[in-house]
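Q: I should be grateful for a close look at a single part of the model shown below. Please then set that part in the context of its surroundings.
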Amino acid sequence: MERCEIDAMISGIRDNRPGTLARAISMIEDEEPDSAHLLEGLHPFTGGSHVVGITGPPGSGKSTLTDRITKHLRKRSKSVGVVAVDPTSPFSGGALLGDRTRMGDLATDPEVFIRSMGTRGSLGGLSRAVYGAIKVLEAAAKDVILVETVGVGQSEVDIARVADTVVVVFVPGLGDDVQAIKAGITEIGDLLVVNKADLPGASRVESVLESTLNLAPPREEPAPKIASASAERDEGVEELLDLIEEHRNLARESGLLELRRRMRARAEITAILARRVSRHTEGYLSDGDNGWYRRLTRGEVSPGELAEELWSKLLGQESEG
Amino acid sequence: MSEGRIRVLIAKPGLDGHDRGAKVLARAMRDAGFEVIYTGLRQTPDQIVSAAVQEDVDVIGLSILSGAHNHLFPRIMQLLEEAGAEHILVIAGGVIPEEDIPALEKLGVSRVFTPGTPTSEAIGFIRERVGA
Amino acid sequence: MFDEKKLREIEEQKRKWEEGPVAKTIGRFPEMKEEFTTLSGYPVERTYTPEHIADIDYEKDLGFPGEFPFTRGAQPTMYRGRLWTMRQYAGFGSAEESNARYKYLLEQGQTGLSVAFDLPTQIGYDSDEPISAGEVGKVGVAIDSVRDVQTLFDGIPLDKVSTSMTINAPASILLAMYVAIGEQGGHGPDALSGTIQNDILKEYVARGTYIFPPEPSMRLITDIFAYCSQHMPNFNTISISGYHMREAGCTAAQEVGFTLANAIAYVDAAVEAGLEVDSFAPRLSFFFAAQSDLLEEVAKFRAARRLWARIMRERYGASDKSARLRFHTQTAGCTLTAQQPDNNIVRVTLQALAAVLGGTQSLHTNSRDEALALPTEDSVRIALRTQQILAHESGVADTVDPLAGSFYVERLTDDVEEAAREYIREIDDRGGAPAAIEEGYIQRQIQESAYDHQKAVESEERVVVGVNRFRTEEKKAWDLLRVDPAIEERQREKLENLKASRDAARVETALEELAGAASTDANLMHPILEAVRSEATLGEISGAMRSVFGEYRAPIVL
Ligand code: B12
Ligand SMILES: Nc1nc2c(ncn2[C@@H]2O[C@H](COP(=O)(O)OP(=O)(O)O)[C@@H](O)[C@H]2O)c(=O)[nH]1
Ligand SMILES: [Mg+2]
């Protein structure tokens, strides 16, 4: 891609052209060589959106909640970007991306852009491309960007690294105590929302959450707030949105937002580096013919020494290329 | 064209509620390594085209068994053109009479897969057309 | 049913037979498969003996036809007294065209009517709404107001012919329209007989024509139960349907389990609403598919009857009359192929045979052009003739439950019942059918089975004649039924005329009253009847309820 094509793309993104946004996100997802240039070019236009992460177990209503929050945001005249992540099959590499089924009538709103993503290689964590997609949507000047995670494993922790505000979704009946304690989930959430409040048992979950918070060690950041909602009935969503906005305002004033942003940048840089390292080393290690394993089993080298060897090789290559 | 994974939107246009075929196909495509976006029942042409554009899909697969294809497909093709998304491969399947197919192909529907076609055939066709 | 000693002898002989002749034969001609399974995937043994039914207690588990637990049939004399109702599901285009098809079918010896509505009607939209464009009259008859219903049944004696209507979300509206035209013809509601499908839960799961959220939908259903228990003693208030879930891909045992789990939810809802079980349960009816595995299907029908009887007695202390499961059957459309369509006649014959051997109360036989389009008159006549041949020539209708006592069929009956019970238990654990549906459990099970089936066909593990084996060059030009697209325009004109000629103020009041009643807990049948009588349209009546109940998006499971 020529420099000018990338520039055209960037201006298309800034003009909020859906086709261009979409293409840009694909480039990043597919790790096309130009995507690095694209991201560089987009960088100056980023940072203006409120990035809200929505995490919680599968089936807890994240997509439904995302749909409802978006509708309320639209009523407040905010433009919205949605990134919804579903798991990639480890067997085929394919994925069934179904979050849009809950967001049907948002599809035709020009001020809403929804993108579904598979986790692809990212080991249950947030898809790497999520960082990039956020940048694209920020450059398109979306007021709010909602990121729906797969809600399992590492993604819950990862979301805390990319979002300004993290909403963790709980539901009645899913092993109430376990949910709360799991992965110290109460530590990453800024807002803990008990969804499906129309079902029995919601208040119990709320009280379990409260007592979990009371027992939690004090943290620098303000303690998470607890809310309840029924996404299905669109009850409590308006209030949840108020809390989300309030969190962002407080975070901005207290410097927390700055801290988060720094963490996000750090995570991004680390991710780029880690990616690079693994691309170089994976190639070498998956090659059965270069004899590294034989050397290892014969005791000629230790894993540590091999790593050292690869590292020097990598530094060499990097300085050449 | 794209170097990444093949992305397919499986869409159910109109009021049709027959989703067995669409879902079977979605799973088969997932198992073939595609990323499949499914948007559920009762999709309007507008919704289908917007979703296809936002998702930057390589393929739109329309599944229809309600006989409304002659009304809905022209609208979808027209909207795709208006959105500058003619590059998306459009295929279709379901209960579509043989004699309607030439006209649909003329609109730009690349291939119509009628009952009894193995999912592998549709998957093969996509691979051949969009590579990867 | 055999004594201990005899059983042991038989067991011993079987062992010898297996070690001797069987082993020898297999040595020379291996069996064609390692494992034989029913269509639903249950293992099938080489042969069945008295051992397999050793646990069966004749009185407790089988009994006599027409008696608890109804395993052997819903009535004492079954088809010796009256044949099943031959009821072809039909409807397309306008009310006029469909009326002509009904008259044709009745002339050909059909004994009941079954109305197929178009999709806008089923989803509560009038023909002139933008969302209906292209769909009017396509897959069923277009009904916008009571006037269309009048036309639809013109010249048909409503007190003599029973009518089944496949209508779910707007069931109360169509029921009200039927009552209204009955009255116009001089027949009170008590003189009408028939069935409304009225089964919303399976719409969320497998059929897709839902409008409102579960709660108000269940309320509409129990309102109908209450209304009919007072005014329509001969009307089946619901047809709790496994057919659609089966057609969406589930197995025989899942079909029974999921259907009865839904049935339990309806009974619970009605009891919750204050109705006495025995006041409404005798009017519950069921609807199953007849698939291609003949004996498994026969067992399924028998198992469904027995299991429902037991559930009604165990859970609700219901009377035998309430515990008696009556059902309609349709042959399985999804087995019918676009390739070599005439082969479908044979498939349908076998499936219809299963339904009759299983003791169905009414039957629809699919047409040979099932996978191509709505049936032509010629095709539907053959399908009807198939039923008539079974009824009058095959002899299977002459004795009740002829397969009882078959070691295999009894064993299968037991197995299907047990497996279905297991599904019900699983659903109970999830808080009942509505919760299990919300969570996607039932949908997931169905899709799993559907995908397995597709893979088995593609790998040729399951043979489908004419599709993956025994193919021939297809003859191209099939004569298909085509719906005239001009119908849409005609419906629009009819609507214009209607709106110009009715009493607009009466309509408005009726709709306001309906909306008002919807937000209380009054029985909605009455305001709906008034709205229908005022000639409010189906779309307007649905709209009034939409404004209060909202619209629902069923969970989509992938
Ligand atoms: C199963 C079925 C149902 C089930 C659907 C369950 C479900 N959740 O899907 C139930 C019982 C609910 C049902 C209901 C109705 N049905 Co129906 N149904 C069928 C049936 C028997 C089989 C369809 C099926 O699922 N086959 C199995 C799947 C795997 O195959 P498939 O969908 O054809 O898909 C294959 C190919 O077509 C292709 N394909 C399909 N889509 C796509 C998409 C792409 C991108 C590609 C590449 C390929 C592809 O690949 C698939 C694999 O081979 C057909 C007749 C038939 N034999 O085809 C009638 C049929 C489709 N139904 C019909 C009708 C009329 C109805 C109703 C509208 C009746 C009514 N008036 O109420 C209702 C309402 C449904 C609704 N809400 O829309 C008519 C449609 C007539 C027409 N188009 O002219 C048919 C043709 C029967 C008939 N001859 O009357 N039905
Ligand atoms: N009862 C109830 N169900 C809900 C609510 N929110 C979502 N659901 C249902 O929960 C299921 C899963 O929702 P979805 O948004 O897809 O969850 P996700 O997997 O977390 O994205 C769907 O069937 C929704 O209809 C709610 O507030 N109440
Ligand atoms: Mg989701």
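Which residue in β5(A) stands opposite Ile54(A)?

A: The model is a predicted one, and the values that follow are computed from it. The residue that stands opposite Ile54(A) is Glu148(A), in β5(A). The strands concerned are β1, residues 50–55 of chain A, and β5, residues 144–148 of chain A; they run parallel and are joined by five bridges. In general, strands of a sheet pair through backbone hydrogen bonds, in either a parallel or an antiparallel sense.

The pairing of β1 with β5 belongs to an open sheet of seven strands in chain A, whose order is β4-β2-β5-β1-β6-β7-β8 and whose pairing is parallel. At the edges lie β4 and β8 (225–228) of chain A, each of which pairs on one side only. On average, neighbouring strands of this sheet are turned by 20° against each other, with direction ignored.

Glu148(A) leads from the sheet to a metal site. The magnesium ion (ligand 3) is coordinated by the OE atom of Glu148(A), together with OG of Ser63(A) and OD of Asp99(A), at 2.1 to 2.2 Å. Along the chain, these donors follow the spacing S-x35-D-x48-E. Ser63(A) and Asp99(A) link distant parts of the chain, being 36 residues apart: Ser63(A) belongs to helix α4 (residues 62–75) of chain A, whereas Asp99(A) lies in the loop between β3 (95–97) and β4 (112–118) of chain A. Ser63(A) and Asp99(A) are both buried.

Glu148(A) also takes part in the surroundings of ligand 2: one of its polar side-chain atoms lies 3.0 Å from an oxygen atom of that ligand. Further polar contacts to ligand 2 come from the backbone. A backbone N or O atom of Gly59(A) is 2.8 Å from an oxygen atom of the ligand, and a polar backbone atom of Gly61(A) is 3.0 Å from an oxygen atom of ligand 2. Ligand 2 is surrounded by 19 residues, of which the closest are Gly59(A), Thr64(A), Asp198(A), Glu232(A) and Glu438(C). The site is shared between chains, because the residues around ligand 2 come from chains A and C.

Chain C leads on to another ligand site. Ligand 1 lies between chains B and C. There are 45 residues around ligand 1, and those that come nearest are His18(B), Thr117(B), Tyr89(C), Glu370(C) and Ala373(C). His18(B) supplies, through NE2, the single protein donor to the cobalt atom of ligand 1, at 2.2 Å. Within chain B, His18(B) is placed in the loop between β1 (7–11) and α1.

Several elements of both chains contribute to the shell around ligand 1. At least two residues each are supplied by α1 (20–31), β3 (59–64) and β4 (89–94) of chain B and by α4 (119–122), α7 (200–207) and α9 (243–247) of chain C. With four residues, β4(B) gives the most to this shell. By class, the shell comprises 22 nonpolar, 17 polar and six charged residues. On the chain C side, backbone atoms approach nitrogen atoms of the ligand: a backbone N or O atom of Arg207(C) lies 2.7 Å from a nitrogen atom of ligand 1, and a backbone N or O atom of Phe117(C) lies 3.0 Å from a nitrogen atom of ligand 1. A polar backbone atom of Gly333(C) is 3.2 Å from a nitrogen atom of ligand 1.

Parallel pairing, as described for chain A, is also found among strands of chain C. Strand β5 (residues 112–115) of chain C pairs with β6(C) in the parallel sense over four bridges, with Ser114(C) and Ser164(C) as bridge partners. On β6(C) there is also a parallel pairing with strand β7 (residues 194–196) of chain C, over three bridges, in which Thr163(C) is partnered by Gly194(C). Both faces of β6(C), residues 162–165, are covered: Ser162(C) and Ser164(C) on one side, and Thr163(C) and Met165(C) on the other, are all buried.

Before β5(C), in the loop that connects α3 (95–107) to this strand, lies Gln110(C). Its relative accessible area is 4%, so Gln110(C) counts as buried. A polar atom of the Gln110(C) side chain lies 2.7 Å from the backbone nitrogen of Gln88(C), and a polar atom of this side chain is 2.7 Å from the backbone oxygen of Gly112(C).

Note on methods
Residues are numbered from 1 along each chain as its sequence is written. Chains are lettered from A and ligands numbered from 1 in the order in which they are written. This is a predicted model: local features need pLDDT of at least 70, side-chain atom pairs count only at pLDDT 80 or more; totals for chains, interfaces and linings use all residues. Side-chain values use heavy atoms; hydrogens and water are left out. A residue is near a molecule or strand if one of its heavy atoms lies within 4 Å of it. A polar contact is a pair of N or O atoms within 3.5 Å; within protein, one must be able to donate a hydrogen and the other to accept it, and residues adjacent in sequence count only if both atoms are side-chain atoms. Ala, Val, Leu, Ile, Met, Phe, Trp, Tyr, Cys and Pro count as nonpolar, Asp, Glu, Lys and Arg as charged, and the others, Gly among them, as polar. Donors are N, O and S atoms within 2.8 Å of the metal (3.2 Å for Na, K and Ca); water is not among the atoms, so sites may look incomplete. Buried means under 20% relative accessible area, exposed over 50%, partly exposed in between (1.4 Å probe, protein chains only). Two strands pair if DSSP finds at least two bridges between them. Axes are lines fitted to C-alpha atoms, for helices over the stretch in contact, and angles run from 0 to 180 degrees between N-to-C directions.
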